[in-house]
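User: Could you take a close look at one part of this model for me, the place where two helices pack together? I'd like to know which residues meet there and what surrounds them.

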Amino acid sequence: MLSRFLPPDFDPRKPVALIAGQGRYPMLVADAIRRAGVPLRLIAFEEETRPDLFDSFPENERRRLLVGQLGKALRALRDFGAGYAFMAGQITPRRLFGGLHPDLGAIKILFSLKRRNAETIFGAIAAEIENAGVRMLDARSFLDDHLASSGVMTGGKFPINREYLEHGVHIARESARLDIGQGCVVRKGTVLAVEAFEGTDEMLRRAGTFKTDGTLFVKTVKANQDYRFDVPVFGQRTLEVMRESGLHAAALESGRVIIVDKPAVIAQARAWGISLLGFE
């Protein structure tokens, strides 16, 4: 089985088009799909997608667009003969909301939305892609080995007691339910910071301005999470910001949060004395 997150009728002969945003996550996806022997194509974005990922594709198997050029993206999917599309990697929030270069297809979508946030925008784009006959994949597909797993992944005893852990998980889930963000930092029953528009790293830095002994970073998902375009990610950069901010414990929802380059991240966390827990 290639991945437990693929649809039962997945056809590995049909190309997967990787719609790639920032960071290491899209590269991890590309490597995994290639190892699986599934044909792969790339839709990249100016000033977002890593150049080395773009350069790893032959010219006829890649396209580079401005953020918002939905019509060109749909044409690329048709040109590729894609059977599936896979969204991976963040688009800079300020560009998504203030720096778009929308073509007619994107303008039509934007004017149809009653609320404009990342979820509604990407949800509408996913619907357009599927209306074009291309199936959107769960963005955890092919990455089964890189998901947070239950228990203390870094070994040893988790430094946060159960009461404070449950409090942090409750706050993170309520924040996600209210569509504020998917993470929070708590300390001994007190909420230090909740993730919102600024993103995870800035939230962690903000929490680090307070007393940090006994602090806990929690990352979770919404109850009705749409995994076609919205999977929380924890990686080397987040770990570095935790260290810089004086935070030494993180709880990640198992089976739902992707740890990018999981073995390397866990090894580095151990070296830095940062404890990582997977919770159900």
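**The α8 and α9 pair**

Analyst: Let's start with α8, in what is a predicted model. Thr200, Met203, Leu204 and Ala207 are the buried residues of this helix. Their arc around the axis is only 100°, so they sit on the same side of α8. A general point helps here: an α-helix has 3.6 residues a turn, so residues three or four places apart point the same way. As for what that buried side packs against, you'll find β7 (183-187), β8 (190-194), β9 and α9.

That last partner deserves its own look. In general, a pair of packed helices is described by the angle between the axes and the distance between them. Here, the axes of α8 (residues 200-207) and α9 (residues 236-245) come within 8 Å and cross at roughly 15°. Since angles under 35 degrees count as roughly parallel, α8 is roughly parallel to α9. As for handedness, the crossing of α8 and α9 is right-handed.

Now for who touches whom. From α8, the residues are Thr200, Asp201, Leu204 and Arg205; on the α9 side they meet Arg237, Thr238, Val241, Met242, Glu244 and Ser245. Sorted by type, the residues in this contact come out as 3 nonpolar, 3 polar and 4 charged. Thr200 and Leu204 in α8 are part of this contact and also belong to the buried set of α8.

Over on α9, the buried residues are Thr238, Leu239, Val241, Met242 and Ser245. They span an arc of only 160° around the axis, so they too lie on the same side of their helix, α9. The cover over them includes α8, β9 (215-219), β10 (233-234), β11 (249-253) and α10 (262-272). So β9 turns up twice: it is among the elements that the buried residues of α8 pack against, and it is part of what covers the buried residues of α9. Right after α9 comes Gly246, with a positive phi near 80°.

While we're on positive phi, there's a case beside α10, one of the elements covering α9. Asp261 lies in the loop between β12 (258-259) and α10, and its phi is near 60°, positive even though the residue isn't glycine. With a relative accessible area of 24%, Asp261 is partly exposed.

Note on methods: Residues numbered from 1 in each chain as written. Predicted model: local features only at pLDDT ≥ 70, side-chain atom pairs only at ≥ 80, totals over all residues. Heavy atoms only, no water. Axes fitted to C-alpha atoms, helices over the stretch in contact; angles between N-to-C directions. Helix = DSSP H or I, 4+ residues; strand = E, 2+ residues; numbered from the N terminus. Parallel < 35°, antiparallel > 145°, perpendicular 65-115°, else oblique. Left-handed = near helix turned anticlockwise from the far one by under 90°. Contact = heavy atoms within 4.5 Å. Nonpolar A, V, L, I, M, F, W, Y, C, P; charged D, E, K, R; others polar. Buried < 20%, exposed > 50% of the residue type's maximum accessible area, 1.4 Å probe, protein only. Arc of directions from axis to C-beta.
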